[in-house]
Amino acid sequence: MGKDIREDIAWAQINKDVLKSLESPRRMYWVILFIAIAMIGVAVGSEIYQYQAGMGVSNKNNSHVWGLYIATFIFWIGMSHSGTLLSAILHLMHADWRKPIYRFAEAMTTFSLMTAGLFVLVHLGRLWMVYYVMPYPNERWVWPNFQSPLVWDMFAIATYLSSSVLFLYVGMIPDLAICRDNIHAGWRKKLYTVMSLGWEGTDRQWRNFRITYLTIACFLIPLAVSVHSIVASDFAMSNMPGWHVTSFPPYFVAGALYSGCAAIITLFIILRYVFKFEEYMTLPIMKKLVRLTFAIAMVWTYLNLIEFASVWYGHDQTAKDQLIFKATGPYAPFFWAMIFFGSILPLMLAFKRFQTHLPILFVVSILLNVGMWLERWMIIAPSFAHGHYPWTWDHDQWPSLVQWGIVFGSFGWFTLLFMVFCKVFPSVSMYEVKEMVYHRSLAMKHKPAVKGEY
Amino acid sequence: MSITNLLENWSDFRQQHPSDDRPHREYKWAMSIDLDACTGCNACSVACYAENNLPVVGKEKFAHGHSHHWIRIERYWDNDGREFADQGAQFLPMLCQHCEAAPCETVCPVGATNHTADGLNSQVYNRCVGSRYCNANCPYKARYFNWYDYPTTDNVWPEPMNQQLNPDVTVRGKGVMEKCTFCVQRLTVAKSDARSEGRSVLDGEVQTACQQVCPTGAISFGNLVDPLAKVGKQWMTQQVELNKDKQAKDTAEEAAKLRGYRILEELRTYPSVMYLEQLRESAI
Ligand code: SF4
Ligand code: SF4
């Protein structure tokens with residue numbers, strides 16, 4: 001078991017360590033950045049080809065109209081829940097271990113939402129007409145169809161994205177002021193000056209800041225729950241066998257928190273290494289994170305079983321056949337892989353030995369997310385391959401390279417945004433780490449060794 | 001249309017469910033297809049291609065499931081222990097069922113697919129953004145997406161076939177959803193002719209393309225509101241009612257005599273197409 005954050009760490013030291021991440025990351029940073037850009041290149045190429053030729057090149061067809069794009073869309077929306085969970089929920093619960101890691105989780109929320117949004121565009125047959133989905137004043141008084149879950153999606157994602165950006169930004173203001181004061185010239189100086197909104201750290205500013213931050217946090221939690229419930233409604237509100245399930249919204253929310261937590265573990269390990277954050281992203285924090293992930297994994301497993309049970313004991317024969325098809329048909333390997341990665345593999349997180357073993361956790365957290373991605377894929381593909389109508393039953397539908405290329409590239413796009421963010425903005429919250437250190441030192445009947453300016 | 005108007009007349013903007021207190025006033029287009037008469041000759045399908053400017057996508061794209069047969073002839077076989085030759089193919093022409101409570105309509109984000117006052121399920125190509133949600137939610141999978149820009153990228157109407165394109169129907173480009181319209185272009189003409197003479201459309205005055213060519217007369221089409229229409233009489237003799245999700249064939253005493261049913265009625269989409277069961281097998 002590793003060391004936790006030292007209680008006697010100097011506040012100036014915290015500033016110095018975090019600010020260093022804006023300057024000199026390990027060489028690995030540039031390698032990751034380069035790979036990410038190359039991946040985006042693949043996606044952009046595929047999208048241009050698909051745009052020119054038509055959606056047909058994605059190898060979807062008239063009975064399998066949705067594919068990887070929608071599966072990956074749900075995946076990214078799910079990923080975006082980690083930030084809210086860690087920042088807002090744990091903030092309200094006064095869990096101070098979240099403090100060194102919540103900033104990057106929030107950034108993850110914002111960027112995965114931006115990635116998810118791209119999939120909506122890529123998926124549309126006429127993406128140049130996407131604005132039809134928004135209610136905008138026009139001379140013909142044509143409105144979107146407010147009955148459609150896709151319109152709710154549009155509202156939910158737009159609201160969630162803008163509030164997440166706001167939350168991320170507001171929480172960063174005191175840190176931006178530190179950046180501003182420590183940098184002397186150049187575009188960064190200008191950027192931080194503008195963005196820190198004249199922060200000086202007066203009592204009044206702190207009071208207003210706390211209230212604002214808390215308000216947005218309270219606002220964000222129901223929003224996060226509703227966003228993924230609405231994405232679940234895209235399916236639950238339809239009549240496709242396998243989708244028409246009442247437990248879909250909580251099931252989706254649990255899945256979202258699950259994949260979000262797994263992604264935080266992955267990024268935790270990467271950031272810790274790349275930006276030399278060993279001092280802040282400590283093993284005891286990791287341990288708490290792993291336990292949280294384990295708990296959510298079990299909730300997800302439970303809801304999964306409920307879904308199967310309600311289909312099995314319900315009297316909808318088509319849905320039951322569909323479930324049997326999933327478990328025994330051509331998609332069975334993916335289905336069982338999903339069960340294994342999503343429900344069985346996380347059991348090992350219950351063992352103390354693995355809770356702080358970073359190399360193993362790195363691999364496991366990625367596999368958990370593979371499992372969660374498979375979950376989404378298992379919602380989309382088998383339902384189309386075995387729906388109500390036998391004419392559409394088609395057992396070897398497989399996405400083309402164009403779809404795979406765009407999905408692959410989306411990971412690059414996310415990585416690029418994330419890596420650039422970490423280089424431009426402090427990805428560890430300095431002021432909150434100081435608070436945490438301060439509280440701990442009080443608790444241990446120590447005085448803080450050095451008092452900094454903030 | 002103002003907001004107040006919208007709120008006051010909300011139910012006029014969304015007709016979701018056939019109900020007796022809101023009957024179709026003048027027209028309710030409906031169809032019946034006699035599976036006993038159908039020989040699976042595909043003439044209806046071909047006529048539909050010609051009438052509605054459907055692109056002929058070619059062998060390869062057809063195999064990929066990118067075809068546009070708005071009416072398709074499905075084949076089913078009885079294989080209960082019999083050799084292939086005796087399995088007795090059964091044919092089932094499937095087209096958009098023009099559901100009264102159409103699941104495709106509620107989910108379209110932009111309202112590109114709507115219910116008309118005549119009980120048609122209409123599709124507004126200009127408005128469609130191509131989310132394909134309607135197809136995902138159509139239990140009959142009767143909607144066809146333009147996966148490619150067939151008219152410009154493929155030679156779908158090679159000379160001289162382009163000469164027979166129907167000027168009354170649009171040619172759809174890539175990215176929009178399309179489906180059977182019950183030949184709405186013919187209905188519009190017939191209705192306006194009738195209106196100029198101050199009467200309703202008479203039975204038989206308008207035919208759909210598939211009905212017109214069917215050599216066995218398996219397809220009938222007409223106005224359910226008109227008590228004299230053949231379709232209405234067929235629906236009546238079969239005791240099939242538009243807003244019921246279980247028909248007499250499944251419940252009544254004399255069920256053995258009835259043949260009329262609608263496909264996937266248990267989903268409560270209330271289709272406007274009635275099928276008449278095939279007799280041949282049981283008659284042997
Ligand atoms: S034209 Fe008539 S007989 Fe031929 S396939 Fe169509 S419905 Fe059947
Ligand atoms: S058959 Fe399909 S496309 Fe036609 S109205 Fe019904 S749900 Fe819509």
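Visitor: How many helices and strands are there in chain A?

Guide: Chain A has 16 helices and zero strands. Keep in mind that this is a predicted model.

Visitor: What radius of gyration does chain A have, and what would a compact globule of 454 residues have?

Guide: Chain A comes out at 23 Å, which agrees with the value near 22 Å for a compact globule of 454 residues. Along the principal axes, its C-alpha trace spans about 75 × 60 × 40 Å.

Visitor: And what share of chain A is buried?

Guide: Buried residues account for 61% of the 454 in chain A.

Visitor: OK, aromatics. How many aromatic pairs turn up over all chains?

Guide: The search of the whole structure gives 49. One of them is W76(A) with F414(A), a tilted pair with 5.0 Å centre to centre and 40° between the planes.

Visitor: Which helices do W76(A) and F414(A) lie in?

Guide: W76(A) is in helix α3 (residues 68-79) and F414(A) in helix α15 (residues 401-424), both of chain A, so the pair ties together parts that are 338 residues apart in sequence.

Visitor: Is W76(A) buried or exposed? Same question for F414(A): buried or exposed?

Guide: W76(A) has 0% relative accessibility, so it counts as buried. F414(A) is at 7%, and counts as buried too.

Visitor: What about F248(A) and F252(A), what kind of aromatic pair do they form?

Guide: A tilted one: the centres of F248(A) and F252(A) are 5.1 Å apart and the planes are at 35°. Both residues lie in helix α9 (residues 248-274) of chain A, four residues apart, about one turn of the helix. F248(A) and F252(A) are both buried.

Visitor: Which residues form one aromatic cluster with F248(A) and F252(A)?

Guide: From chain A, W66(A), F235(A), W243(A), Y251(A), Y258(A), W300(A) and F384(A) join F248(A) and F252(A) in the cluster, and Y133(B) from chain B belongs to it as well.

Visitor: Where does the charged end of R353(A) sit?

Guide: Over the ring of F354(A), 5.7 Å from the ring centre. In chain B, K61(B) lies over the face of Y148(B), at 4.4 Å from the ring centre.

Visitor: One more in chain A: where is I178(A)?

Guide: I178(A) is in helix α6 (residues 149-182) of chain A. Its relative accessibility is 1%, so I178(A) counts as buried. From the C-alpha of I178(A) to that of F418(A) is 21 Å, with the two positions 240 residues apart along the chain.

Visitor: Switching to chain B. In what order do the four strands of the open sheet come?

Guide: The order is β8-β1-β10-β9 in chain B, with mixed pairing. The edges are β8 (219-223) and β9 (260-261), each pairing on one side only.

Visitor: How many bridges join β1(B) to β8(B)?

Guide: Five, and β1(B) and β8(B) run antiparallel. Within that pairing, M31(B) has F221(B) in β8(B) as its bridge partner.

Visitor: And in what sense do β1(B) and β10(B) pair?

Guide: Parallel, over four bridges. There, D34(B) has L276(B) in β10(B) as its bridge partner. At the other side of the sheet order, β9(B) pairs with β10 (residues 273-276) of chain B in the antiparallel sense over two bridges, and Y261(B) stands opposite Y275(B) in β10(B).

Visitor: How many residues of strand β1 of chain B are buried?

Guide: Six of the six in β1 (residues 29-34), so the strand is largely enclosed by the rest of the structure. W29(B), M31(B) and I33(B) point one way, while A30(B), S32(B) and D34(B) point the other way. In a regular strand, side chains alternate between the two faces of the sheet.

Visitor: Now the ligands. Which residues come nearest to ligand 1?

Guide: C38(B), C41(B), N42(B), C44(B) and C214(B), out of the 13 residues around ligand 1. The shell of ligand 1 divides into nine nonpolar, four polar and no charged residues.

Visitor: What surrounds ligand 2?

Guide: The residues around ligand 2 include the cysteines C96(B), C99(B), C104(B) and C138(B), along with H98(B), Y140(B), R143(B) and K179(B). By class, the ligand 2 shell has seven nonpolar, three polar and two charged residues.

Notes
Residues are numbered from 1 along each chain as its sequence is written. Chains are lettered from A and ligands numbered from 1 in the order in which they are written. This is a predicted model: local features need pLDDT of at least 70, side-chain atom pairs count only at pLDDT 80 or more; totals for chains, interfaces and linings use all residues. Side-chain values use heavy atoms; hydrogens and water are left out. Rings of Phe, Tyr and Trp (its six-membered ring) pair if their centres lie within 6.5 Å; planes under 30 degrees apart count as stacked, over 60 as edge-to-face and the rest as tilted. Buried means under 20% relative accessible area, exposed over 50%, partly exposed in between (1.4 Å probe, protein chains only). A charge sits over a ring if NZ of Lys or CZ of Arg is within 6 Å of the ring centre and within 35 degrees of the ring normal. A residue is near a molecule or strand if one of its heavy atoms lies within 4 Å of it. Ala, Val, Leu, Ile, Met, Phe, Trp, Tyr, Cys and Pro count as nonpolar, Asp, Glu, Lys and Arg as charged, and the others, Gly among them, as polar. Two strands pair if DSSP finds at least two bridges between them. The radius of gyration is taken over C-alpha atoms; the globule rule is 2.2 Å times the number of residues to the power 0.38.
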